Amino acid sequence: MNALTPPPGRELLAKGAETVTRVLDQVRDMADVTARQAQTLAPKLPEPPIAALSMLTRGPFGLMRDAAAYWVDATQRSVLFWDTMRRAGNAFVEHERDGCPPVLVFEWEMVVDGRELPRRCNYALVRIKPPAGTRPTDPRMRPFVIIDPRAGHGAGIGGFKSDSQVGVALRRGHPVYFVIFFKDPEPGQTILDITNAEAVFLRRIHELHPEAQKPVVIGNCQGGWAVMMLGASEPELTGPLVLNGAPLSYWAGERGRNPMRYTGGLAGGGWPATLLADLGNGRFDGANLVMNFESLSPGNTWFRKYYNVYEKADSEAERFLEFERWWGGFFLMNREEIGWIVENLFIGDRFARGEINAGKGATFDMRAIRSPIVVFASAGDNITPPGQALRWIADVYRDEAEIKALGQTIVYLVHDDIGHLGIFVSGKVANKEHTEIANTLEMIEAVAPGLYEMRITGAEGSGLNTGFQVELVARTIADIRAVSGEAENEAFPQVARISAVNQTLYDMFAGPVIRQVTTERSAETRRSLHPLRLRRTLASDLNPLMQPFAAAAERVRADRRPAAADNPFLALERSWADGVEGAINAWRDWRDAWQETAFHAVYGTLAAFGVAPTGAEAAGDAATEQLADVPDVRAALARIAEGGHAEAVVRMMILLAKARGGVRRNRLARSQAMLTTEEPFAAMTAAARQALIREQAVVVEMAPEEALAALPRLLPEMEARRRALAAVEAVAGPEEELGDAALAMLARLRGVLGLASHSG
């Protein structure tokens, strides 16, 4: 019997009601955006003019003396400032002339040059040489591999200071390798060619260190998604993965705080990047990306950074020049590379949904990664806010149970206030967060699968004994959603659809004409006139007006007369500088408010009325397979009553950790020591120990009561039970440090093993 077709009127009413619901949602969203922007743009009361008031107490002659001293000081600082700009300009010109080599402060040697591979690319693997007089590296220790971002700048930010990611690993004796890249891409190279080259690099490291564990692979910023692609496509090559300030969920963020994610939508999609690449004769100028980064904090990058050099002209120059050497090196990408990045990541946000083509009909699936993952983000990062660094976890995994069932370990750490670049270059961050991450990585494979937050407390120590205490606290997917802000917004999928339409129109009509009239000479001229290059070139000795500052600066240093620290005119100068920076940032806040409002008004309205609909759904919704039906889970549960001492000890430690809700690093260290020095664990390979931990974690997560009840069958003899429980108690530590939940679980373990009277 045929089903009855509903009356057309009823169907129209249903569609109308659906549209009204979307429109009302859009109205609520716009009201929320407006309310948040009103808080941001609320006028701030100016600070009282303390400097002006202090001048009233100086008297006219005192003010005249202060003014004269300030005039001499300000003039001398001006000379020193412009000499610093001249030196920075000369360094830029020399750096460009040398081909923009890596800015690593450490010496290095070439290991594999990607320009000589069958699939050529402009990447290379180099080995870092330990500085003279420092601890030599041990080839049997786990190697560290650092991949820097290719997002406009060159390579080396992860090792351009001694207190850096490279320095942290070298001090511990690890072999350190760095993935560098050259200024110009190879003709026709693609992102997949780079991923292939990085796999070749890791295979070479395995050959050089056959006795070592799989290498730690660290990805900084854009290098983070490169690391994840590598881990997803070649899981057998990678050890723990560390993502520092790495954006993997580009749509995520907090309204009123993360405006950069709206840029692609307001530009109409990815076609402007293609246009710039065509104007560059097939190569995209990374200086355009750097200019976008600078516009995020214009008060700092356009004024405060330079004022600091002027204000502290006697001490700030070297630090400025050191950082400018990296910040002022601009690299190029092929048209295909920037198009891939913009469409798949910036606008399409396809990585977390598993929609990025990996070649040969496959896609990059982050669920295929089996190595532990550490994510380092910061609430003060406006380039990669915590949402963009963390939201992928909630997009890829339905819940924390799935993370455990797949045998995955994910640890995240959120700094309170450090900025994006500070994650990579701050000496304090290197000596605290990066050092503690490195310390924890030595034991992370002894951690039961799951989702954890790393908490670092305590005061700084010295040497390898940092003095900090580290605890891994069990977290849930709900915690990730809470810190990642807005992610499921119907406005963003519309951007991807509109971008595809605009890109098609550009490729059909404008692109062919632009490519026809562009030459390499015109492209090179355009690059040399880019504002970020031109302002550095004009400040160099290539400009005759800048040359006299070298001699003038020497004369100033020979007769330097700084104003007294309590000079009121210095206070007035600082107040003026604060006002200028505040005015620039106020303009930024209004600009960001307009952009966010315009984005939601345009694309939210399109979504509300069903224009350019998409079929994009959350990745987790597409996964209908029940965890209990996963083959590895079924196999683990089938063996729940099989095994002996090793299975029982690991299972009991996981049950205790689950009851505690986390694990401190001192307990983790005791666990690692037991698993690597005591039998039967010491006789196992590292892979076998990890497989054992993963299997027991699955058993505890999926069937905790059955796992507990089966312990006597794993340990039928009382002596074996006493030995296993003693090992667990030794790792757990003093009972007074365990907490009520862990003590209750310990009592249950003793009871089920028939050792209730055992006192440890």
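Begin by selecting arginine 527, which counts as buried because its relative accessibility is 5%. The model on display is a predicted one. Add glutamate 520 to the selection: the side chains of glutamate 520 and arginine 527 meet in a salt bridge, with 3.0 Å from N to O. Glutamate 520, at 33% relative accessibility, counts as partly exposed. Elsewhere, salt bridges with shared partners link Asp73, Arg77, Asp314, Arg560 and Glu573 into one network.

**Aspartate 285 and its surroundings**

Keep arginine 527 displayed and select aspartate 285, a residue of strand β7 (residues 283–285). Which residues are in contact with aspartate 285, leaving aside its neighbours within four places in sequence? They are Phe330, Phe331, Leu332, Arg527, His530 and Arg533. The side chains of aspartate 285 and arginine 533 are joined by a polar contact of 2.5 Å. A polar atom of the aspartate 285 side chain also lies 3.1 Å from the backbone nitrogen of alanine 287. Aspartate 285 has 5% relative accessibility and therefore counts as buried.

**Further salt bridges**

Side chains of opposite charge can pair when their charged atoms come close. Across the whole structure, a search finds 50 salt bridges. One to select is the pair of glutamate 442 and arginine 172, whose side chains meet at 2.9 Å, N to O. Glutamate 442 lies in the loop between α16 (427–441) and β13 (450–458), and arginine 172 in the loop between α4 (165–171) and β4 (176–181), so this pair ties together parts that are 270 residues apart in sequence. Glutamate 442 is partly exposed, its relative accessible area being 35%, whereas arginine 172 counts as buried at 12% relative accessibility.

Next, select glutamate 316 and arginine 319, whose side chains form a salt bridge of 2.4 Å, N to O. Is each partner buried or exposed? Glutamate 316 counts as buried at 10% relative accessibility, while arginine 319 is exposed, with a relative accessible area of 52%.

**Backbone features**

Move to helix α3 (residues 60–97), which has 38 residues. At 1.5 Å a residue, this helix should span 56 Å, and its end C-alpha atoms are 55 Å apart, which agrees. Glycine 99 follows α3 and has a positive phi, near 90 degrees.

Two residues other than glycine also deserve a selection for their backbone angles. Cysteine 221 has a positive phi near 50 degrees. Cysteine 221 sits in the loop between β5 (216–220) and α6 (223–233) and is buried, with a relative accessible area of 4%. Aspartate 349 likewise has a positive phi near 50 degrees. Aspartate 349 is placed in the loop between α12 (335–347) and β9 (357–359) and counts as buried at 6% relative accessibility.

Then select glutamate 679 and proline 680, which are joined by a cis peptide bond with omega of about 5 degrees. Proline 680 belongs to the loop between α26 (665–677) and α27 (686–702).

**The surface**

Select Val501, Leu505, Met508 and Phe509, which form a nonpolar surface patch with about 420 Å² of accessible area together. Within this patch, phenylalanine 509 lies in helix α18 (residues 491–517) and counts as exposed at 57% relative accessibility.

Finish at glutamate 736, in the loop between α30 (718–732) and α31 (740–752). Glutamate 736 is exposed, with a relative accessible area of 70%. How many Å separate the C-alpha atoms of glutamate 736 and glycine 188? The separation is 64 Å, for residues 548 apart along the chain.

Technical notes: Residues numbered from 1 in each chain as written. Predicted model: local features only at pLDDT ≥ 70, side-chain atom pairs only at ≥ 80, totals over all residues. Heavy atoms only, no water. Patch = residues over 30% accessible without salt bridge, like charges linked within 9 Å, V, L, I, M, F, W, Y side chains within 5 Å. Areas by Shrake-Rupley, 256 points an atom, 1.4 Å probe, with all protein chains shown as cover. Salt bridge = Lys/Arg side-chain N within 4 Å of Asp/Glu carboxyl O. Helix = DSSP H or I, 4+ residues; strand = E, 2+ residues; numbered from the N terminus. Buried < 20%, exposed > 50% of the residue type's maximum accessible area, 1.4 Å probe, protein only. Expected span 1.5 Å × (residues − 1). Polar contact = N/O pair within 3.5 Å; in protein donor to acceptor, adjacent residues only side chain to side chain. Contact = heavy atoms within 4.5 Å.
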